[in-house]
Amino acid sequence: MGTSVQVTPLCGVYNENPLSYLVSIDSFNFLIDCGWNDHFDPTLLHPLSKVASTIDAVLVSHPDTLHLGALPYAMKQLGLNAPVYATEPVYRLGLLTMYEQFLSRKQISEFDLFTLDDIDSAFQVMTRLTYSQNHHLTGKGEGIVIAPHVAGHLLGGTMWKITKDGEDVIYAVDLNHRKERHLNGTVLASFVRPAVLITDAYNALNNQPYRRGEKENEFGETIKKTLGAGGNVLLPVDTVGRVLELILTLEQYWTDKSLNYPIFFLTYVASSTIDYVKSFLEWMSDSIAKSFEQNRENPFLLKHVRFCISKSELDNAPDGPKVVLASMASLEVGFSHDIFVEWATDAKNLVLFTERGQFASLARILQADPPPRALQKLLKSPCPGGFLCQSLVAHSRRYSGSGASGWSCGLVLRVTPHSTIFQSEHCALLTVPSVAAHRAAGAGPHGAADRVLLPPGLPPPSPCAAPMCPGCVWACDWDDFGEG
């Protein structure tokens, strides 16, 4: 009798939601990835909640929120109780990712979906494996062998190979076929005719030719031009993932061009991140390993990048143009959100996106082509009641029957038609001009030519998607699925 394999997508199929798959091999149930996104919406985990108690083992592929963000919540609230397998970098860096998510949210709200203790408990049951290590399961999983292999996208990122009775099941998502500064490319091509291949097509339509040197030079020159004009550059980044490649790229460019503008890496776990990464050289590219063996050179002994773990450290830095890599990449919460709000009123500053923003996030809205001319967003920071606009107070009372205590005030950012857009495979850059300058030029606060993007979360009276203030009504030609 042959091996029975059943694949049940729980999340992340036909859309850009975080990844979670139920893979049943005979009677043994694997949960492969347990992702969440930066909105932390529990309704996304409803399919997982139905099967969590039946899971026999969890395999985690990458150390970011989209692949392991729901693990602490699932173990605390959904009844998930199974051993977890990952590589050492995914374990260490994934832990820091979840710390960053929790600390970022505790600054703006009473976040109670999970605690730091819940994060520690979830990661304590994680078994760490090395690349190509065959791990034989026992008990109910007798006869099944699992092995992690290089995915090439994030440090420690994994393709999982599950074998039983000579049949291979390959789970290969978020791959990178190209060799980069700190990572080798994926080894997917080494697998021949697996019985089942689970993969994604997230970048299938990206037809841009890859010219690494040209793109990196364009990337650096754009930053240098902004700094030379007296502006600051904000790069919203993830906590521990692609930011590592960006740091090495900036380090090399600063050395080649003899630049002395300061670069800051700002997350709650910035120092710990780099400390861990320094010890993971064997998980990186062959060139890094060879350089360390011959010359004892560690590329993450950084000369130009400084670490900050609080906004006050950045504020106390000397005045002048600077580059800041700040979490989160989605701009939904975290230091990047706060800096964006602070710097967006100055047209000299740039926001540089180096990856596609999560669906329905502020970063994704700003990356629209053409960009929105107007954006209304609830600020993710406490606002004293005395500064709340009266229309927002009235709107709160209209739908909740109470005052606006705990609400945040609104920010309207306007992007004029002459805004600079820089897009490439390496990055997408948006210049957000000064709100004050736009109004001085004669544009009203709610000009008829502006397209307004309004956030979800408030009950919408027609004809708006979700207006923040009832005193003003705008026509909206966008919804959660794009332009109408």
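**Exercise 1.** Leaving aside its neighbours within four places in sequence, which residues is serine 336 in contact with? Decide also whether serine 336 is buried or exposed.

*Solution.* The model used here is a predicted one. Begin by placing the residue: serine 336 belongs to helix H11, which covers residues 334–343. Next, list its contacts beyond the neighbours within four places in sequence, which are Leu234, Pro236, Ala326, Ser327, Met328 and Leu331. Finally, turn to accessibility: the relative accessibility of serine 336 is 0%, and buried means under 20%, so serine 336 counts as buried.

**Exercise 2.** Find which residues the cis peptide bond joins, and say where methionine 328 lies.

*Solution.* The cis peptide bond joins serine 327 and methionine 328, with an omega of about 10 degrees. As a general background, most peptide bonds are trans. Methionine 328 is found in the loop between strand S15 (323–326) and H11, and both serine 327 and methionine 328 appear among the contacts of serine 336.

**Exercise 3.** Work out how helices H4 and H8 are oriented, and which residues make their contact.

*Solution.* First take the geometry: helix H4 (residues 88–106) and helix H8 (residues 270–278) pack at an angle of about 175 degrees, and their axes are 11 Å apart. Angles over 145 degrees count as roughly antiparallel, and therefore H4 is roughly antiparallel to H8. Then name the residues in the contact, which are Arg92, Leu93 and Leu96 on the side of H4, and Ser272, Thr273, Tyr276 and Val277 on the side of H8. Sorted by class, this contact of H4 with H8 has four nonpolar, two polar and one charged residues.

**Exercise 4.** Describe aspartate 26 and aspartate 174 by phi, place and accessibility.

*Solution.* Most residues other than glycine have a negative phi. Aspartate 26, however, has a positive phi near 55 degrees, and aspartate 174 has a positive phi near 50 degrees. Aspartate 26 sits in the loop between strand S2 (20–25) and strand S3 (28–32), while aspartate 174 sits in the loop between strand S10 (167–172) and strand S11 (196–199). For the last step, aspartate 26 has 34% relative accessibility and so counts as partly exposed, whereas aspartate 174, at 18%, counts as buried.

**Exercise 5.** Which helix gives the most residues to the lining of the second largest pocket?

*Solution.* The second largest pocket, with a volume of about 460 Å³, is lined by 14 residues, and Leu248, Glu251, Gln252, Asn298 and Pro299 lie nearest its centre. Two elements give two or more residues to this lining, helix H7 (243–257) and helix H9 (286–295); H7 gives the most, with four residues.

Methods:
Residues are numbered from 1 along each chain as its sequence is written. This is a predicted model: local features need pLDDT of at least 70, side-chain atom pairs count only at pLDDT 80 or more; totals for chains, interfaces and linings use all residues. Side-chain values use heavy atoms; hydrogens and water are left out. Axes are lines fitted to C-alpha atoms, for helices over the stretch in contact, and angles run from 0 to 180 degrees between N-to-C directions. Angles under 35 degrees count as roughly parallel, over 145 as roughly antiparallel, 65 to 115 as roughly perpendicular and the rest as oblique. Contact means heavy atoms within 4.5 Å. Ala, Val, Leu, Ile, Met, Phe, Trp, Tyr, Cys and Pro count as nonpolar, Asp, Glu, Lys and Arg as charged, and the others, Gly among them, as polar. Buried means under 20% relative accessible area, exposed over 50%, partly exposed in between (1.4 Å probe, protein chains only). On a 1 Å grid over the protein atoms alone, a cavity is a set of points where a 1.4 Å probe fits but cannot get out, and a pocket is an open set with protein on both sides within 12 Å along at least five of seven lines; lining residues have an atom within 4 Å of a point. Grid points are joined across faces, edges and corners, and a volume is the space filled by probe spheres set on the points.
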